[in-house]
Amino acid sequence: MTLETARLLLRPFTVDDAADVHVYASDPAVCRFTEWGPNSEDDTRAWVEEAAEVGLPAQWAITLRDDAVGAAGRIPAGTVVGGVGVYGEGRGPLESTPEVRELGWVVRRDLWGRGIATEAVRAVIDALLEEDGLEQLHARCRPEHKASAKVMAHLGLSLVRRIENDIERDGQWMHSDLYALSLPR
């Protein structure tokens, strides 16, 4: 299954995506607010293999439908430029909470500010709305990650609460802001 938007094609990851994924997964600026990375090539390859095995609806590769221009020049159509993850509540397994889905996303840095995350996540949300029993969508971001909070606002998610000491990274605890979208029944 794939999802199409005006500029993007969202599809399952394949093991051949490792080089594209490593562009953003090894970038310290992209990983600044994540609980992972910057990745080594081995880390990225292992993650891509796992994402490819898990497949949809849990892991969506964001690819370009047409060529784009980034900091390093032309980015060819078909290049993986990010991803959208779908999890159960609290980032648990999907089957653990069928009424709640938590979303996470990442886009390579040279395409930030172009609405790609909003467009990709909106497509995934629209697909999730087809799930029977789905009542709420969640997403988290670090309180200082204003760009991610802005994406959540564009998607209609509202700030619910701060989760203190939510993520440990490099021996430091980070807080998260939890956003939610309640779905009409």
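**Figure 1. Long-range contacts and overall dimensions of the predicted chain.** In this predicted model, 60% of the contacts between residues at least 6 apart in sequence join residues at least 24 apart. The chain contains 5 helices and 10 strands. For 185 residues, a compact globule would have a radius of gyration near 16 Å, and the chain, with 16 Å, agrees with that value. Along the principal axes, the C-alpha atoms fill a box of roughly 45 × 40 × 30 Å.

**Figure 2. Burial, surface and charge of the chain.** Of the 185 residues, 49% count as buried. The accessible surface amounts to about 9500 Å², and carbon and sulfur atoms contribute 49% of this area. The chain carries 20 positive and 31 negative charges, and the mean positions of these two sets are 7 Å apart.

**Figure 3. The two sides of helix α5.** Helix α5 comprises residues 146-154, of which Ser148, Ala149, Val151 and Met152 are buried. These four residues lie on the same side of α5, because they cover an arc of only 155° around the axis. An α-helix has 3.6 residues a turn, so residues three or four places apart point the same way. On the other side of α5, the exposed residues are Lys146, Lys150, Ala153 and His154. The cover over the buried residues of α5 includes two strands given as β7 (100-107) and β8 (136-141), together with helix α4 (116-128) and strand β10 (172-182). Just after α5, Gly156 adopts a positive phi of about 90°.

**Figure 4. Ser148 within helix α5.** Ser148 belongs to helix α5. Its relative accessible area is 10%, below the 20% limit for burial, and Ser148 is therefore classed as buried. When neighbours within four places in sequence are left aside, the contacts of Ser148 are with Trp105 and Cys141.

**Figure 5. Thr118 of helix α4 and its contacts.** Thr118 is located in helix α4, an element that is part of the cover over the buried residues of α5. Not counting residues up to four places away in sequence, Thr118 touches Val151, His154 and Leu155. Among these contacts, Val151 is one of the buried residues of α5, whereas His154 is exposed on the other side of that helix. Thr118 and Asp132 are 14 residues apart along the chain, and their C-alpha atoms are separated by 24 Å.

**Figure 6. Gly88 in the loop between β6 and β7.** Gly88 occupies the loop that links β6 (80-87) to β7. With a relative accessible area of 0%, Gly88 is buried. Apart from neighbours within four places in sequence, Gly88 is in contact with Pro93, Leu94, Ser96, Thr97, Val100, Arg101 and Glu102. The C-alpha atom of Gly88 is separated by 17 Å from that of Leu157, a residue 69 positions away along the chain.

**Figure 7. Two cis peptide bonds that precede proline.** Most residues other than glycine have a negative phi, and most peptide bonds are trans. The bond between Gly37 and Pro38 is cis, with omega about -5°. Pro38 is situated in the loop between α2 (28-31) and α3 (41-54). A cis peptide bond also joins Leu56 and Pro57, where omega is about 10°. Pro57 is situated in the loop between α3 and β3 (59-64).

**Figure 8. Positive phi values at Asn165 and Asp170.** Asn165 is not a glycine, yet its phi is positive, at about 50°. This residue lies in strand β9, which spans residues 158-169. Asn165 has a relative accessibility of 44% and therefore counts as partly exposed. Asp170, likewise a residue other than glycine, has a positive phi near 55°. Asp170 is found in the loop between β9 and β10. At 71% relative accessibility, Asp170 counts as exposed, because the limit for that class is over 50%.

Key: Residues numbered from 1 in each chain as written. Predicted model: local features only at pLDDT ≥ 70, side-chain atom pairs only at ≥ 80, totals over all residues. Heavy atoms only, no water. Buried < 20%, exposed > 50% of the residue type's maximum accessible area, 1.4 Å probe, protein only. Arc of directions from axis to C-beta. Contact = heavy atoms within 4.5 Å. Rg over C-alpha atoms; globule rule 2.2 N^0.38 Å. Areas by Shrake-Rupley, 256 points an atom, 1.4 Å probe, with all protein chains shown as cover. Lys, Arg positive; Asp, Glu negative; His and termini not counted. Charge placed at Lys NZ, Arg CZ, Asp CG, Glu CD.
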